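The following exercises are to be worked through with the sequence and the model at hand. Each task is followed by a solution in steps.

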Amino acid sequence: MRNKLSLQALTKTIIGFVFICVLLFLPAGTFHYWNAWLFMAVLFVPMIILGIVMLFKSPGLLKKRLDAKEKEGEQKWVVALSGIMFMAAFVVAGFNFRFSWHLLPDCVIWISVAMFLLSYLMYAEVIRENDFLSRTIEVQENQKVIDTGLYGIVRHPMYSATIILFLSIPLILGSLISFFIMLAYIPIIAIRINNEEQILGKGLKGYKEYKQKVRYKLIPFIW
């Protein structure tokens with residue numbers, strides 16, 4: 001099983017790396033786009049480390065995340081919109097570097113790297129706390145409500161982490177314009193969360209009570 005998972009994960013990683021290279025370096029018109037190399041380093045190095053840890057400690061969870069395909073029609077639209085948003089943000093970032101539309105200072109870029117890595121650590125903690133974590137919205141067999149750790153603070157800590165992570169990406173790439181494009185992720189994730197809570201409320205025992213216990217979805221005292 002591990003050999004098959006390793007090959008599947010490696011294949012997806014290589015495809016993802018090549019795809020991002022095309023989206024960034026082609027519009028940039030050069031491989032000397034240092035922000036892009038920095039971004040890919042902070043993206044793929046932790047991703048590979050996390051994948052190796054999951055391979056040996058939670059191969060079942062890794063398999064679920066690699067094989068994920070949305071079944072809910074509404075979520076397919078959410079995934080499609082997210083993909084369009086990412087492609088637009090990357091391409092614009094490349095052009096921004098090429099034509100020097102609005103280049104961000106280095107201090108903003110390095111602060112964004114720190115935020116990206118902190119959000120990745122938060123994401124890894126969510127994976128550690130929740131064995132039922134999936135990329136698709138579904139109620140799994142024998143699934144139970146997790147209400148401790150980060151799940152005792154907000155109901156969707158994974159999405160809290162991804163908001164920070166995704167909004168830091170365009171800043172690492174040095175593009176303020178791409179940052180405004182990535183803000184579209186907030187209403188997109190709001191739609192996903194609402195649909196997810198409807199499904200969990202109907203199919204997961206104790207989830208309605210959990211919503212009463214943990215009042216906030218993403219940000220304590222705000223949202």
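**Exercise 1.** Determine which side chain meets that of Glu 197 in a salt bridge of 3.8 Å, N to O.

*Solution.* Step 1. A salt bridge requires a side-chain nitrogen of Lys or Arg within 4 Å of a carboxyl oxygen of Asp or Glu. Step 2. The partner of Glu 197 in this pair is Lys 211. Step 3. Glu 197 belongs to helix α8 and Lys 211 to helix α9 (residues 207–213), so the salt bridge ties together parts 14 residues apart in sequence. Helices are DSSP runs of H or I with at least four residues, and strands are runs of E with at least two, numbered from the N terminus.

The model is predicted: local features need pLDDT of at least 70 and side-chain atom pairs count only at pLDDT 80 or more, whereas totals for chains, interfaces and linings use all residues. Residues are numbered from 1 along each chain as its sequence is written, and side-chain values use heavy atoms, with hydrogens and water left out.

**Exercise 2.** Classify Glu 197 and Lys 211 as buried, partly exposed or exposed.

*Solution.* Step 1. Buried means under 20% relative accessible area, exposed over 50%, and partly exposed in between (1.4 Å probe, protein chains only). Step 2. Glu 197 has a relative accessibility of 7% and therefore counts as buried. Step 3. Lys 211, at 28%, counts as partly exposed.

**Exercise 3.** Establish which residues are joined into one network by salt bridges that share partners.

*Solution.* Step 1. The network consists of Arg 155, Glu 197 and Lys 211. Step 2. The whole structure holds two salt bridges. Step 3. In one of them, the side chain of Glu 197 meets that of Arg 155 at 2.7 Å, N to O. Here Glu 197, in helix α8 (residues 185–203), is linked to Arg 155, in the loop between α5 (106–129) and α6 (157–172), across 42 residues. Step 4. Both Glu 197 and Arg 155 are buried.

**Exercise 4.** Check the span of helix α2 (residues 34–57) against expectation.

*Solution.* Step 1. The expected span is 1.5 Å times one less than the number of residues. Step 2. For the 24 residues of α2 this gives 34 Å. Step 3. The end C-alpha atoms of α2 are 35 Å apart, which agrees. Step 4. The buried residues of α2 include Leu 38, Phe 39, Val 42 and Leu 43.

**Exercise 5.** State how many helices and strands the protein has.

*Solution.* Step 1. The protein has nine helices and zero strands. Step 2. Of its 223 residues, 44% are buried.
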